[in-house]
Amino acid sequence: MGTRILVVEDEPGIAEPLVAHLLRDGFEATSVGTVGDARESVAQVPPDAIVLDVMLPDGDGRDLCRELRAASDVPIVLLTARGADADRIAGLEIGADDYIVKPFSAGELVARIRAILRRTGRVSVRHVVEIADLRLDLDARTLTKCGTPVTLAAREFDLLALLMARAGTVVRREEIMDEVWDPHWFGSTKTLDVHIAWLRKKLGDDPADPRYITTIRGVGFRFTEPQPAG
Ligand code: CA
């Protein structure tokens, strides 16, 4: 059985891409939108970790956090729209393992969840993606090419992880901005091209004759499909 993550968030614009990201990363993820449904879901099938929004339509996520913490040591990451330090500290005092302030990238949140699961010994299987001569370790957040470490910045790592997870398919620019940057990104996507250029340089990939990342002009990017074994 896989690692189950319960997302408690009433905004579909946040919950849906997050669940999609978790599923693609190999987690079993479901979402509920209310405190009541969260209680029911936890009672039926206890999750391995919970992502919990503070502002829910039928109650305060922090109260639910206290309640869950009193009953179990399941890792909890709070989602908060508030940036005030007092709120952040309050989040940890009520027993949350971590918190993340909205808006956040799904990639960053999933990385935090992985870190907590690793710390609490709840995940034993290492999550590794291997394509061609690249080996991406999603737990250690490291990349090797032909066994040699390649140092990536956090954003470059998330970008490569997304493209490799969807190898062989075109990932649209807007999807990348949503997942790697910020779901409420309204600015220019030029930063994406800059990061792709940096990533290509580190991978030694020639955009004119790409081995890994192909530009689909005006649409997005496609990572080379893995070759079948043998
Ligand atoms: Ca909410």
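**Exercise 1.** In this predicted model, find helix α7 and work out which strands helix α7 lies across.

*Solution.* Start at residues 173-181, which form helix α7. Now look at what sits against this helix: α7 lies across β12 and β14. For the direction, compare α7 with β12, and you get about 70°. Next, try helix α6, residues 154-165. Helix α6 lies across β12, β13 and β14, and runs at about 65° to β14.

**Exercise 2.** Put the strands of that open sheet in order and say which ones are at the edges.

*Solution.* Take the 3 strands and read across: the order is β12-β14-β13, with antiparallel pairing. Then check the ends: β12 (170-172) and β13 (213-216) each pair on one side only, so they are the edge strands. Going from one strand to the next, the twist averages 30°. Zoom in on β12 and β14 (residues 220-223), and you'll find 3 bridges joining the two. To see who faces whom, pick R172: this residue stands opposite G220 in β14.

**Exercise 3.** Which residues coordinate the calcium ion, and are D10 and M55 buried, partly exposed or exposed?

*Solution.* First, list the donors: D10 (OD), D53 (OD) and M55 (O), at 2.1 to 2.3 Å. Along the sequence, their spacing reads D-x42-D-x1-M. D10 sits in the loop between β1 (4-8) and α1 (12-24), while M55 belongs to strand β4 (residues 55-56), so this pair, 45 residues apart, links distant parts of the chain. Finally, exposed means over 50% relative accessible area. M55 has 51%, so M55 counts as exposed. D10 has 32%, so D10 is partly exposed.

Terms used
Residues are numbered from 1 along each chain as its sequence is written. This is a predicted model: local features need pLDDT of at least 70, side-chain atom pairs count only at pLDDT 80 or more; totals for chains, interfaces and linings use all residues. Side-chain values use heavy atoms; hydrogens and water are left out. Donors are N, O and S atoms within 2.8 Å of the metal (3.2 Å for Na, K and Ca); water is not among the atoms, so sites may look incomplete. Helices (H or I, at least four residues) and strands (E, at least two) are DSSP runs, numbered from the N terminus. Buried means under 20% relative accessible area, exposed over 50%, partly exposed in between (1.4 Å probe, protein chains only). Axes are lines fitted to C-alpha atoms, for helices over the stretch in contact, and angles run from 0 to 180 degrees between N-to-C directions. Contact means heavy atoms within 4.5 Å.
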